[in-house]
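I opened this notebook page to look up where the ligand sits and what lines the open spaces of the protein. My entries follow the order in which I looked.

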Amino acid sequence: AQSVWGYDSDNGPERWHENYPLAKGDKQSPIEINSKEVQHDSSLSSWHASYDPGAAKTILNNGRTCRVVFDDTFDRSVLRGGPLSGAYRLRQLHLHWGSSDQHGSEHAIDGVKYAAELHMVHWNPKHGNFAGALKQPDGVAVVGIFLKVGNTPKPEMKRILEEIENIKTKGKEAPFQHFDPSILFPKSRDYWTYHGSFTTPPCEECITWILLREPIEVSSDQMAKLRSLSKNAENEPMSPLVDNWRPPQPLKGRIVRASFK
Ligand SMILES: CC[C@H](C)CCC(=O)Nc1ccc(S(N)(=O)=O)cc1
Ligand SMILES: [Zn+2]
């Protein structure tokens, strides 16, 4: 029987469409960004995040990623501006990473893959709730931040990585409070934006992607910490949680706009 979707050969991205037909849609994510084909759009305004550190609730390992969950029951932590109209509520953030520093990001820029990619997931409250928002083309907005291995690692990542000890195996969850995720943003607000999908099943095409051009730096040790997470539950055989990324999908004529020249 088809096991639940994942990133292994028997349940990975090449087979998702068997249970999730949207995976073969024509607005799928991630994509390969080719700078030469990007259109600079001077009408794109800058985006603004106003997050309440008190909205952070818990951090969990769901066997596929490490996710921080926020209180999104009212307009408490919101993203606005850029390609968006209205305020989108921050719901969760999570990461995708590789088995080595040379790969792990989902989007690629001119063939360059980063060691990891952090996603901050927001939804449009005009659609009532998250489940309703993912049925709408303007339902969800995800800010993507690339993580690059370098020698001036960003101390702000430490808070998330320190919690990893407490959520080593699938199903583990720990309190994660008083955290403002905007400390993770790089200096530059330059971004690319395009319309796409969840990069995991059910692959709904409801996402306005806002990909930040400037990566944040992490150390190789920090990446090793991320790779010490397991996709198995506590009493199951050890299986490292690595390579939880979907490869780039066909652009199918979509335009990628840049906020910068
Ligand atoms: C039932 C709908 C959905 C499974 C609820 C869970 C969820 O939030 N999924 C999700 C969110 C973000 C991304 S990504 N990687 O940022 O494109 C991928 C999947
Ligand atoms: Zn993601």
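The entries below start with the ligand and then turn to the pockets.

Entry 1, the ligand shell. I am working from a predicted model, and I began with ligand 1, which has 15 residues around it, the closest being H94, H96, F198, T199 and T200. Sorted by class, I find eight nonpolar, six polar and one charged residues in this shell. At least two shell residues come from each of β7 (88–97), β9 (116–123) and β13 (207–212), and β7 contributes the most, with three.

Entry 2, polar contacts. I looked up the side chains that reach ligand 1 with polar atoms: T199 places one 2.8 Å from a nitrogen atom of the ligand, and H119 has one 3.4 Å from a ligand nitrogen. On Q92, a side-chain N or O atom lies 3.4 Å from an oxygen atom of ligand 1. Taken alone, ligand 1 exposes 480 Å², and I note that the protein buries 77% of that.

Entry 3, the largest pocket. Which pocket does ligand 1 take up? I find that ligand 1 occupies the largest pocket, whose volume is about 480 Å³. Its lining has 27 residues, with R67, Q92, H94, F198 and T200 closest to the centre. Two or more lining residues come from each of β5 (66–70), β7, β9 and β13, and β7 gives the most, four. I recorded the lining as 13 nonpolar, nine polar and five charged residues.

Entry 4, the second largest pocket. Here I noted a volume of about 310 Å³ and 18 lining residues, of which W5, N11, G63, K170 and K231 are closest to the centre. The lining divides into five nonpolar, seven polar and six charged residues.

Methods
Residues are numbered from 1 along each chain as its sequence is written. Chains are lettered from A and ligands numbered from 1 in the order in which they are written. This is a predicted model: local features need pLDDT of at least 70, side-chain atom pairs count only at pLDDT 80 or more; totals for chains, interfaces and linings use all residues. Side-chain values use heavy atoms; hydrogens and water are left out. A residue is near a molecule or strand if one of its heavy atoms lies within 4 Å of it. A polar contact is a pair of N or O atoms within 3.5 Å; within protein, one must be able to donate a hydrogen and the other to accept it, and residues adjacent in sequence count only if both atoms are side-chain atoms. Accessible areas come from the Shrake-Rupley method with a 1.4 Å probe; for residues, only the protein chains shown count as cover. On a 1 Å grid over the protein atoms alone, a cavity is a set of points where a 1.4 Å probe fits but cannot get out, and a pocket is an open set with protein on both sides within 12 Å along at least five of seven lines; lining residues have an atom within 4 Å of a point. A molecule sits in a cavity or pocket if more than half of its atoms lie within 2 Å of its grid points. Ala, Val, Leu, Ile, Met, Phe, Trp, Tyr, Cys and Pro count as nonpolar, Asp, Glu, Lys and Arg as charged, and the others, Gly among them, as polar. Grid points are joined across faces, edges and corners, and a volume is the space filled by probe spheres set on the points.
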